[in-house]
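The exercises below ask you to read a protein model step by step, with a worked solution after each task. Please keep the sequence and the structure in view while you work.

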Amino acid sequence: MRKSLPQRIALSVVGVVVALLVLFPTYWMFVTSLRTPGQILSPKYDLIPTSFSFGNFATALGKDNFPTYLMNSLIVTVGSVLCALIAGTLAAIPLSRLRFTGRKGFLVLVMVAQLAPVSALFIPLFLLMKDAGLLNTLPSLLLIYFATTLPFTVWMLYGFVNGIPYELEEAAMIDGCSQTGAFRRVTLPLLGPGLVTTSVFSFITAWNEYLFALVFIRDKPKETLPVWLASFRTAFATDWGGVMAASVIYAVPALIFFLLVQRKLVSGATAGAVKG
């Protein structure tokens with residue numbers, strides 16, 4: 001049903017207001033990162049600054065071991081996302097395509113695992129990693145991020161696989177494809193938007209994780225960027241300019257990842273593929 005002109009104008013105004021509210025903290029972070037310490041602490045705080053300074057970025061990038069922290073975060077985040085996508089796909093396909101005893105119960109357990117509070121997992125995971133000799137290592141973080149993002153990945157991919165008509169695979173098998181070939185040639189390409197969407201949420205979850213990295217890692221060269229970001233606050237003061245500049249730097253890899261995959265974030269890739 002087409003909306004009238006006043007309704008469209010009202011919706012546009014509401015959309016602009018919501019967008020400004022959402023984007024304002026990011027704008028404030030970026031603007032503050034370009035101010036000097038005197039400007040940040042000054043009672044007169046202009047919404048639009050008239051002068052800029054890149055000293056905060058130099059301070060943030062000049063902190064010890066920043067490239068190492070960046071590489072550590074990329075390793076554990078990308079590794080956990082790839083592992084979760086592979087395992088989640090292998091779980092979502094049979095859950096969607098096969099009918100077996102306990103299938104619904106398994107889906108309920110997946111949802112319960114996703115709803116479990118992260119704080120409840122600290123002690124068992126700590127003891128598990130200690131017994132496995134993985135404490136204070138990057139593989140421990142990779143495994144933990146993989147385990148915490150896997151339930152969400154399975155649940156999301158299960159929904160996306162359900163949206164792909166099985167008749168497409170059957171048609172491919174009638175044309176001579178094996179079941180594996182039909183999945184690889186038909187289902188997997190159509191599952192691309194689902195894989196990308198799930199990877200974005202999993203990437204953000206693992207990239208922003210702080211508590212496990214703080215508790216399970218003790219050596220400075222093995223720390224990740226969230227722990228590095230907290231180092232700008234000391235017992236005596238907080239370098240707000242450095243915090244804001246570091247936050248901008250911290251957001252860049254996630255922003256780049258989103259820009260690389262944002263074209264795939266489109267739903268309804270199979271709409272109209274099968275006419276019934």
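What volume does the largest cavity have?

**Before starting**

This is a predicted model, in which local features need pLDDT of at least 70, side-chain atom pairs count only at pLDDT 80 or more, and totals for chains, interfaces and linings use all residues. Residues are numbered from 1 along each chain as its sequence is written, and side-chain values use heavy atoms, with hydrogens and water left out.

**Exercise 1. Give the volume of the largest cavity and describe its lining.**

Step 1. The largest cavity has a volume of about 40 Å³, where volume is the space filled by probe spheres set on grid points that are joined across faces, edges and corners. A cavity is defined on a 1 Å grid over the protein atoms alone, as a set of points where a 1.4 Å probe fits but cannot get out, and its lining residues have an atom within 4 Å of a point. The structure holds 1 cavity of 30 Å³ or more.

Step 2. The lining consists of Ser73, Val76, Thr77, Tyr145, Ala206, Trp207, Glu209, Thr224 and Pro226. Two or more of these residues are given by each of H4 and helix H10 (192-207), and H4 provides the largest share, 3 residues. Helices here are DSSP runs of H or I with at least four residues, strands are runs of E with at least two, and both are numbered from the N terminus.

Step 3. By class, the lining divides into 5 nonpolar, 3 polar and 1 charged residues, with Ala, Val, Leu, Ile, Met, Phe, Trp, Tyr, Cys and Pro counted as nonpolar, Asp, Glu, Lys and Arg as charged, and the others, Gly among them, as polar.

**Exercise 2. Locate the salt bridges and state how buried or exposed their residues are.**

Step 1. The structure holds 3 salt bridges, each being a side-chain nitrogen of Lys or Arg within 4 Å of a carboxyl oxygen of Asp or Glu.

Step 2. Glutamate 169 and arginine 97 meet through their side chains at 3.3 Å, N to O. This pair links distant parts of the chain, with glutamate 169 in helix H8 (residues 166-174) and arginine 97 in helix H4 (residues 66-97), 72 residues apart. Glutamate 169 counts as buried because its relative accessibility is 5%, whereas arginine 97, with a relative accessible area of 22%, is partly exposed; buried means under 20%, exposed over 50%, and partly exposed in between, for a 1.4 Å probe and protein chains only.

Step 3. Lysine 222 and aspartate 219 form another salt bridge, at 3.7 Å from N to O. Lysine 222 is partly exposed at 30%, and aspartate 219 is partly exposed at 33%.

Step 4. Glutamate 223 pairs with lysine 220, their closest N and O atoms being 3.9 Å apart, and glutamate 223 counts as buried because its relative accessibility is 10%.

**Exercise 3. Describe the surroundings of threonine 32.**

Step 1. Threonine 32 lies in helix H1 (residues 5-33) and counts as buried, because its relative accessibility is 4%.

Step 2. Once its neighbours within four places in sequence are left aside, threonine 32 is in contact (heavy atoms within 4.5 Å) with Ile40, Tyr45, Asn56 and Met244.

**Exercise 4. Summarise the helices and strands of the protein chain and its burial.**

Step 1. The protein chain contains 13 helices and 0 strands.

Step 2. Of its 276 residues, 34% count as buried.

Conventions
On a 1 Å grid over the protein atoms alone, a cavity is a set of points where a 1.4 Å probe fits but cannot get out, and a pocket is an open set with protein on both sides within 12 Å along at least five of seven lines; lining residues have an atom within 4 Å of a point.
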